[in-house]
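Dear colleague,

Please find the structure below, handed over for your review. A short account of what was found in it comes after.

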Amino acid sequence: MAIQERDALPVASEGNAASGATDSGSPVKIGGVFTTTPSVVTTGQRRDVEVTARGSVFVTLKDTGNTPVAITAANVSTQQGAGTTGLNALVFGYKSDGVGWRADTRPVSVSRIVSAAASTNATSAKASAGDLHRIRGYNASAAVRYLKIYNKASAPTVGTDTPLLTYALAPSREFDINVAGVYFSTGIAYALTTGSADADTGALTLADVVGLNITYT
C-alpha cells in the first residue's frame with residue numbers, strides 16, 4: 001500500500017500577548033545583550049544589539065567630523081529619578097563655512113560707535129573667528145559714506161587692507177543691514193570712509209555716522 005506524502009502546512013508564529021497589552025507568557029521579544037564595552041565591527045558584519053545595565057541601547061555620539069564625542073561631566077547631567085543619569089542632547093542647525101560644518105549661531109555681542117570721529121574710525125570688533133549678523137545706524141551726512149568690513153583680528157590699516165564687504169550708506173538716512181551670519185575666519189574689523197575704493201583713506205567729518213551697532217558672534 002503506497003503512502004501518499006502531503007505538503008507540509010505553514011505554521012503560524014506569534015506571541016501570546018497582544019500589542020499594547022500587559023506582558024505575559026513567553027512571547028518572542030526584541031532584546032539586546034548587556035555589555036560594559038561595546039564591540040567594534042566593520043562594514044557588512046552583523047552584531048547583537050548591545051544594551052546597558054538598565055536596558056538602554058548604547059549610542060555613540062559623533063561630531064560633524066564623524067569623530068566620537070567623549071561623555072564627560074560637562075555633558076552628562078543627573079535627571080529626575082532614583083539614581084538615573086541621562087545625556088543632555090541639544091540639536092543645532094548647522095551651516096557650512098566652505099571647509100566644514102559649524103553650529104548656526106545667534107548674535108551675542110555688539111560693537112558700537114555712538115558718534116563717528118573725524119577719522120576712518122578703524123575698529124576691531126572681534127580678534128578671532130566669528131559670524132557677522134546685523135548692522136544698524138544713521139548716516140547723518142549729506143553725502144554717501146562707506147562702511148568696510150575686514151576679515152582681520154586687529155583694527156584694519158585703511159587703504160592697505162582689502163575689505164571683505166563694502167556697504168554704501170545713503171545720505172541722511174537710517175541703515176539696517178541684515179548680514180545673515182557671514183563667517184569671518186580670522187576676526188571682524190571695520191572702518192568708515194568717504195570713498196568706495198578699497199584703497200580710499202578719506203576720513204569722515206565728525207558725527208557723519210551716529211548710532212552704529214554691529215552685532216556678531
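The notes below concern two sheets and the pairing of their strands.

This is a predicted model, in which local features need pLDDT of at least 70, side-chain atom pairs count only at pLDDT 80 or more, and totals for chains, interfaces and linings use all residues. Residues are numbered from 1 along each chain as its sequence is written, and side-chain values use heavy atoms, with hydrogens and water left out.

One open sheet consists of four strands in the order 7-14-9-12, with antiparallel pairing. Because strand 7 (109-115) and strand 12 (173-184) are at its edges and have a single partner strand each, one side of each lacks a neighbour in the sheet. From one strand to the next, the twist averages 10 degrees. Here strands are DSSP runs (E, at least two residues), numbered from the N terminus; two of them pair if DSSP finds at least two bridges between them. Angles run from 0 to 180 degrees between the N-to-C directions of axes, which are lines fitted to C-alpha atoms.

Within this sheet, strand 9 (residues 130-139) pairs with strand 12 in the antiparallel sense through nine bridges. Tyr138 has Glu174 of strand 12 as its bridge partner.

Another open sheet, also antiparallel in its pairing, has four strands in the order 8-13-10-11. Its edges are strand 8 (123-126) and strand 11 (165-169), each with a single partner strand, so one side of each is without a neighbour in the sheet. Neighbouring strands are turned against each other by 25 degrees on average, direction ignored.

Strand 10 (residues 145-151) and strand 11 are joined in antiparallel pairing by five bridges. Opposite Arg145 stands Leu169 of strand 11.

With kind regards
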